[in-house]
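Hi everyone, thanks for making time. I'd like to walk you through a structure that's probably new to most of you, so let's get it up on the screen.

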Amino acid sequence: MAHNRYREAQPSGENTIVDAEIEQLTAAGVEVLPFLRSSDEIPSMSKPAKALLPISPIWAPKAQHDLDRLLVEHRPDALHLHNPYPLLSPWVVRTAHRRGVPVVQTVHNYRQVCSSGLYFRDGVICQDCRGRKLGVPAIVHRCYRDSRAQSALMATTLAVHRPTWKSVDRYIALTTAVADHLRDYGIPADRIVVKPNAVPDPGTPVPPGNGFLFMGRLSPEKGLDLLLSAWRRHPVGALGPLRIAGDGELRPLAEAAAAERPDVLYLGQLDRPGVRAALADSAVVLATSTWHDVLPTVIIEALAAGRPVLGTALGGIPYLVGADSPREPAGTGPAEVATAAPGDGRVPLPTGVQRGEAGWVVAPEVDALAAALPLASAEAHALAAPARTRYERTFHPDVITKRLIDVYASLT
C-alpha cells in the first residue's frame with residue numbers, strides 16, 4: 001500500500017481512508033506492507049534531499065530505490081497506490097512493473113488532467129486543461145499552490161507521466177463520475193472498477209431529528225454561500241434549524257448567518273462525538289458543493305446514520321445518494337439535472353430536482369436548491385430507512401473490503 005500522506009496540520013480524507021483500508025484488509029487476513037511517505041518529513045530533510053524536491057513529482061530516486069528493495073524482498077501480489085505526490089512520484093508504477101508487480105490505483109481526484117486536482121478555479125468549475133498535452137492554463141493561472149513555477153512543474157509531471165498512468169493495471173474509481181473521468185482520459189473501461197470508500201458502522205440509527213445539517217470544510221467550493229442564499233428564500237423557522245459544522249475561510253459567513261437568523265446555528269468544528277450528536281439532531285444532511293466533489297465522506301456518514309442527503313448534481317454526489325442517472329460526469333462540464341417524472345406517490349418534484357434512493361440532487365443553482373429544501377424536509381422521514389439500507393448494501397466496511405480483495409485477486 002503506497003501513499004504520500006498529506007500534512008497532519010491539514011486534515012486529509014485520503015490519509016484516513018488509507019489507514020482504514022490497511023486496518024480492514026489486515027483484519028480480513030491480507031498481509032499489507034505499508035510503503036508510506038509524509039509531506040511532514042520535508043522540513044527535516046537534508047539539504048541534498050531538499051535540492052531534489054523540485055523533480056520528485058516526476059522522479060523520486062530514493063523512493064524508487066526503497067520500493068524496489070521492498071518488492072525484491074517481499075514479492076507482493078500487487079502494489080496499491082493512492083497519492084504519489086510529492087515524495088513517491090508516479091514513477092512507482094514503473095518500478096513495480098519492472099519487477100513484474102501489477103499496480104492498482106485509487107483515484108481520489110482529477111489530477112491525471114488537472115494540476116490542482118479539483119476541476120475548480122476562481123469559484124467556478126474549470127476544465128481548461130482537459131484534452132491538452134500540456135496544461136498551459138494551469139501555469140498561467142497558478143493553479144498548483146498558487147505558484148507559477150510549481151504549476152509548471154506539476155503540468156510537466158502530468159504530461160511526462162501520461163504513459164505511466166495509462167499503464168496502470170486496474171483503476172479504482174470511487175464513484176461512477178470518476179469512472180467517466182478516467183474513460184475520458186483514455187483508460188479502457190475493463191480496467192476501471194467502481195468501489196467507493198467505507199466508513200465504520202455507527203450502529204442502529206436513532207429516529208430522525210429535525211432540520212438540516214451542513215458539515216464540512218468551510219471553503220468556497222463546498223457551496224455554503226449557495227446554501228445560505230437558498231435558505232434565505234424561506235421564512236425564518238419554516239424549515240426547522242440549519243446547523244453548520246466545520247471551519248475554514250468562510251467561517252465568518254457562517255457566523256454572520258447565525259447572527260442574522262435564529263434558525264441558523266453555527267456549531268464550529270466538531271469532534272467525533274459532536275458529529276454523531278449533530279447527525280442525530282438533524283433530519284437531512286446537505287452536500288451543496290459547487291465543484292465536481294469526488295466522494296464527500298459526510299454523505300456516507302449521513303447514510304450510515306440513517307439520514308438522507310440533499311446535494312448538488314456534481315461529481316460523485318448523485319452516485320452516493322443513488323441518483324446518478326441522468327447526470328453530467330466530471331470532465332464534461334457543469335451538471336444540469338432534468339426534472340424526474342412525477343407519479344410515484346410522493347411530493348411532486350420541483351423543476352431541477354431529482355429524487356434518488358437515499359436523497360435528492362439539484363442543479364447547483366439557488367432557485368433549484370431553494371425549491372428542494374421544503375421537499376427534503378417533507379420526505380426526510382420516508383427516506384431515513386432507505387438511506388441506512390443504501391449504506392449497508394454499498395458502503396459498509398465488510399462489503400467494501402471484500403470488493404477490494406476481489407480487485408487484487410483479479411490481477412493475480
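Find T290 for me: T290 sits in the loop that runs between β12 and α12, the helix at 297–304. Which residues does T290 touch, if we skip anything up to four places away in sequence? The list is F120, I125, P220, E221, K222, G223, L226 and L314. And here's a nice pair to click on: L224 is 66 residues from T290 along the chain, yet their C-alpha atoms are separated by 9.2 Å.

Now, a word of caution, since this is a predicted model. The chain averages a pLDDT of 91, and 93% of the residues score at least 70. The stretch to watch is 326–345, where pLDDT stays under 50. The model does have 47 contacts for that stretch beyond four places in sequence. Still, where pLDDT is low, the predicted coordinates shouldn't be read in detail.

Okay, on to the sheet. We've got seven strands in an open sheet with mixed pairing, and the order goes β11-β10-β9-β12-β13-β15-β14. At the edges you'll see β11, residues 264–268, and β14, residues 353–356, each pairing on one side only. From one strand to the next, the twist averages 20°.

Let's zoom in on the β14 edge. Its partner there is β15, residues 359–362, and the two run antiparallel with four bridges. If you want one bridge to look at, take R355, whose partner in β15 is W360.

Over towards the other edge, there's a helix lying across some strands. That's α11, residues 272–281, and it covers β9 (212–215), β10 (242–245), β11 and β12 (284–287). Relative to β9, α11 runs at about 150°.

Next, two helices from far-apart bits of the numbering: α1, residues 13–27, packs against α15, residues 397–409. How far apart are their axes, and at what angle do they pack? The axes are 10 Å apart and the angle is about 80°, so α1 and α15 are roughly perpendicular to each other. On the α1 side the contact uses E21, Q24 and L25, and α15 brings P397, T401, L404, I405 and Y408. By class, that's five nonpolar residues, two polar and one charged.

What does the record say? UniProt, in an unreviewed entry, lists residues 14–197 as "domain: Glycosyltransferase subfamily 4-like N-terminal". In our model that span is 40% helix and 12% strand, and its end C-alpha atoms lie 10 Å apart.

Last stop is the loop between β3 (79–81) and α4 (91–98), where P86 is found. The peptide bond from Y85 to P86 is cis, with omega near 0°. S89 is in the loop between β3 and α4 too, and its phi is near 75°, a positive value in a residue that isn't glycine. Why point these out? Because most residues other than glycine have a negative phi, and most peptide bonds are trans.

That's my tour, thanks!

Key
Residues are numbered from 1 along each chain as its sequence is written. This is a predicted model: local features need pLDDT of at least 70, side-chain atom pairs count only at pLDDT 80 or more; totals for chains, interfaces and linings use all residues. Side-chain values use heavy atoms; hydrogens and water are left out. Two strands pair if DSSP finds at least two bridges between them. Axes are lines fitted to C-alpha atoms, for helices over the stretch in contact, and angles run from 0 to 180 degrees between N-to-C directions. Contact means heavy atoms within 4.5 Å. pLDDT is the predictor's confidence in each residue, from 0 to 100. Angles under 35 degrees count as roughly parallel, over 145 as roughly antiparallel, 65 to 115 as roughly perpendicular and the rest as oblique. Ala, Val, Leu, Ile, Met, Phe, Trp, Tyr, Cys and Pro count as nonpolar, Asp, Glu, Lys and Arg as charged, and the others, Gly among them, as polar. UniProt positions are given in the numbering used here, feature names are shortened, and annotations may be inferred rather than shown by experiment.
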